[in-house]
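Colleague: I am new to this one. Can you take me through the ligand site and explain the terms as we go?

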Amino acid sequence: MPLEFKRSWNGEEVDAFRNNWARFVEAEMAPHDEEARHRGHVGHELWRRAGELGFLCVDIPEEWGGAGGDFRHEAVLHEEMARRALGGMSIGVHSIAAHYLLNHGTDDQKRRYLPRLAKGELVGAIAMTEPGAGSDLQALRTRAEKRGNQYAITGQKTFISNGYLAGLIVVVSKTDPAERARGISLMLVETQDCPGFRVGRLLDKIGKKSQDTAELFFDEVTVPAENLLGEVEGKGFYQLMDDLPYERMLIGVGALAAMEGAYAATLDYVRQRQAFGQAIADFQNTRFKLAEVATQIAVGRAFIDSCVEKLLANELDAATAAMAKLWASEAEGRVVDELLQLHGGYGYMNEFLIGRMYADARIARIYGGANEIMKEVIARAL
Ligand SMILES: Cc1cc2nc3c(=O)[nH]c(=O)nc-3n(C[C@H](O)[C@H](O)[C@H](O)COP(=O)(O)OP(=O)(O)OC[C@H]3O[C@@H](n4cnc5c(N)ncnc54)[C@H](O)[C@@H]3O)c2cc1C
């Protein structure tokens, strides 16, 4: 019987959801991926289709327009895209933006935005990083200045996922520039007909080619005071911190699923490719490499699943979530590299899944908090 990497958290209902989503991914996402990779974004239509079919905000309660599921459903979305190297829709960022609203927004903010995010009418983005502030987020300079019952936002952001297609951006801003963490607030900016807002370059990345990663410019963008998340200034940093385990687990589950997808594709490839009168799969080196990879996936599955279970029970601490992100993203890099080698020159071609995965995998060690920052978080908890 072939090796199977079963999830501890799967069940009949989650399996059915996975099948529906996988069908959507195969039928409506995969066929357009090459075009999206050349264009640099997937377009609004795909987001709207996903929303129409109930595949967005899957873990947001139904009363706010979501599908009423939990982290397992969210994980399934990421897994099925990651195992096929379809990284164009940054559903993770979209869902994290929805979570900020759900967990910290006023009822009015939830009512205004969550149903539209769930329908894909608005694509969500989170704008933290600036040219001068990445890992050191507290050094950010984007300013939201209170003027009467409005805020005027001025600043520049970079590397923003979904930045080109975004209809709603959570802009991490300073409401009190004299403070570091306590001066940070999250502002909700609707991009349509928004004077002073501008999308800059769609950035030319080495991987995740179909995902729109953009520069954003804010020049005296005014929003009503009700667009301050939670309507209390200076809470932004803590609101961001609160959702970090969720965010890091999305990267962790995606990285492990990418390893599984790469392993399955490589097994198929080495069984049919011949050299020296035998299948590549029959060389001892190939068999040992695949045995090592299968072992890493099996061990990783046990750890990642235990983290998923803890997250579902609301018991996942920041350091363990950081371990999941750190371990899975490092393992993904190593494993995909080893598996690419077994493809020979074909592995270096974009038309092969493994080649696209190789380039896509590199970012997982950098975003969502660079892995050096993960080690800091873990070390502080020792
Ligand atoms: C494709 C892509 C998508 C992204 N999406 C988003 C998004 O949607 N929203 C958003 O806000 N940002 C996004 N980012 C930005 C990403 O989160 C940052 O790139 C990341 O946090 C690192 O910041 P930086 O690039 O400024 O690197 P720096 O902070 O300059 O780090 C450079 C190096 O120094 C190391 N370093 C920094 N501080 C320490 C320390 N204290 N100890 C040890 N080493 C340290 C880092 O680990 C890294 O290796 C994205 C980036 C990319 C490339």
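Modeller: Start with a term. A strand here is a DSSP run of E with at least two residues, numbered from the N terminus. Keep in mind that this is a predicted model.

Colleague: Which strand gives the most to the shell around the ligand?

Modeller: That is β3, with three residues. β3 spans 150-161.

Colleague: What makes a residue count as near the ligand?

Modeller: One of its heavy atoms must lie within 4 Å of the ligand. The shell holds 16 residues, and Thr129, Ser135, Phe159, Ser161 and Glu372 come nearest. The shell divides into ten nonpolar, four polar and two charged residues.

Colleague: Why is the pair between Thr129 and the ligand called a polar contact?

Modeller: The cut-off is 3.5 Å between N or O atoms. A side-chain N or O atom of Thr129 is 2.7 Å from a nitrogen atom of the ligand, so the pair qualifies.

Colleague: What makes Met128 and Phe159 qualify?

Modeller: Both use a backbone N or O atom. For Met128, an oxygen atom of the ligand lies 2.8 Å away. For Phe159, a nitrogen atom of the ligand lies 2.8 Å away. Each value is within 3.5 Å, so each pair is a polar contact.

Colleague: How much of the ligand does the protein bury?

Modeller: The protein buries 63% of the 970 Å² that the ligand exposes when taken alone.

Colleague: Now helix α11. Why are Ile354 and Asp360 called buried?

Modeller: Buried means under 20% relative accessible area. Ile354 and Asp360 are among the buried residues of α11, so both fall under that cut-off. The cover over the buried residues of α11 includes α2, α4, α8 and α10.

Technical notes. Residues are numbered from 1 along each chain as its sequence is written. This is a predicted model: local features need pLDDT of at least 70, side-chain atom pairs count only at pLDDT 80 or more; totals for chains, interfaces and linings use all residues. Side-chain values use heavy atoms; hydrogens and water are left out. A polar contact is a pair of N or O atoms within 3.5 Å; within protein, one must be able to donate a hydrogen and the other to accept it, and residues adjacent in sequence count only if both atoms are side-chain atoms. Accessible areas come from the Shrake-Rupley method with a 1.4 Å probe; for residues, only the protein chains shown count as cover. Helices (H or I, at least four residues) and strands (E, at least two) are DSSP runs, numbered from the N terminus. Ala, Val, Leu, Ile, Met, Phe, Trp, Tyr, Cys and Pro count as nonpolar, Asp, Glu, Lys and Arg as charged, and the others, Gly among them, as polar. Buried means under 20% relative accessible area, exposed over 50%, partly exposed in between (1.4 Å probe, protein chains only). Contact means heavy atoms within 4.5 Å.
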